[in-house]
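Biologist: Please zoom in on one part of this model for me, and take your time over it. I'd like the contacts and the packing told as one story.

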Amino acid sequence: MDKRTMCTVEKRGRVHLITLTGAGEHRLSPSLISALRSAVATVRASPGAGALVLAAEGKYFSNGFDQAWARTVPPHLHDSMRGAFRALVADLLALPMPTVAAVTGHAAAAGCALALAHDSVVMRASRGFLYMSEVDVGLKFADYFGELLRQKVPDAAARRDMVLGGKKMTAAEAVRLGIVDAAADGGVEDVVAAAVAAADGLAARGWDGVVVAGIRKAMWPAVWGKVKDHGAEATAAARPRL
């Protein structure tokens, strides 16, 4: 699939909405990660962008890394997929505006990490779960995944159950434990509308985006420290000036 069709970017008032398109699992292949990074860069460069929402069509928000792709390529290429995702997390943490994940369906493994890399999370109440599947499928996960979960899953027992117990967490449980900010009733569009409304409320505050990004990095220093050298911000800083 052409990466230009993997996700769309639209503006709803002060909010830029990135949507993973199609009814599939939105597996995070190198192509999809590249498409997402391009979409985030488009939002970053857009004048008047006040907030970002990331959503997905269908029953999945994202079912994690594209393991089917990984089985067809040499092992050394697996690192390219993981490295690209690390860069995407860096791009999100450095984005100079509030960010909201609209978890419209299941968010597993790297898909769960993608949701938690946003400032706020709105989750569909009636369908979907947060699931760190690595212990069930026999895969280790990256160091910054651990730091992200340590920061975004405040309850130690809940974090243990997710990471070492493979617990599938519903929206109601995630709200109760302070992992998710709100559970929205209805279908995909209702969840997206709730997330856009939350993002618009943040955009209306008129905060300085550079300050927002700086505070975010300071609030999650361990995560930022493990990803900061991989994102677009680091690449731009390293580029020779003409």
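Modeller: Let's start at Arg12, which is partly exposed with a relative accessible area of 29%; here buried means under 20% relative accessible area, exposed over 50% and partly exposed in between, using a 1.4 Å probe and protein chains only. Bear in mind that this is a predicted model, so local features need pLDDT of at least 70 and side-chain atom pairs count only at pLDDT 80 or more, while totals for chains, interfaces and linings use all residues. Residues are numbered from 1 along each chain as its sequence is written, and side-chain values use heavy atoms, with hydrogens and water left out.

Arg12 has a salt bridge to Glu189, at 3.8 Å from N to O; the term means a side-chain nitrogen of Lys or Arg within 4 Å of a carboxyl oxygen of Asp or Glu. Since Arg12 lies in strand β1 (residues 7-12) and Glu189 in helix α9 (residues 188-203), the pair ties together parts that are 177 residues apart in sequence. By the way, helices (H or I, at least four residues) and strands (E, at least two) are DSSP runs, numbered from the N terminus. The count comes to 13 salt bridges. Among them is Arg160 with Asp161, where the closest N and O atoms are 3.1 Å apart. Both are partly exposed, Asp161 at 29% and Arg160 at 47%. Back at our starting point, salt bridges that share partners join Glu10, Arg12 and Glu189 into one network.

Now for the sheet that β1 belongs to. It's an open one with six strands, ordered β1-β2-β3-β5-β7-β10, and the pairing is mixed. β1 and β10 (182-184) sit at the edges with a single partner strand each, so one side of each is left without a neighbour in the sheet. Neighbouring strands are turned by 20 degrees against each other on average, direction ignored; axes are lines fitted to C-alpha atoms, for helices over the stretch in contact, and angles run from 0 to 180 degrees between N-to-C directions.

β1's partner is strand β2 (residues 15-20), running antiparallel to β1 and joined to it by six bridges; two strands count as paired if DSSP finds at least two bridges between them. Lys11, for instance, has His16 in β2 as its bridge partner. Lying across β1, β2 and β3 (51-56) is helix α1 (residues 30-45), at about 170 degrees to β2.

Further along, strand β5 (residues 99-103) pairs with β7 over four bridges in the parallel sense, with Val100 opposite Ser120 in β7. β7 also runs parallel to β10, joined by three bridges, and there Met123 stands opposite Ala183.

How buried is β7 itself? Five of the five residues of β7 (residues 120-124) are buried, so the strand is largely enclosed by the rest of the structure. In a regular strand the side chains alternate between the two faces of the sheet. Here Ser120, Val122 and Arg124 point one way, while Val121 and Met123 point the other.

Note on methods:
Contact = heavy atoms within 4.5 Å.
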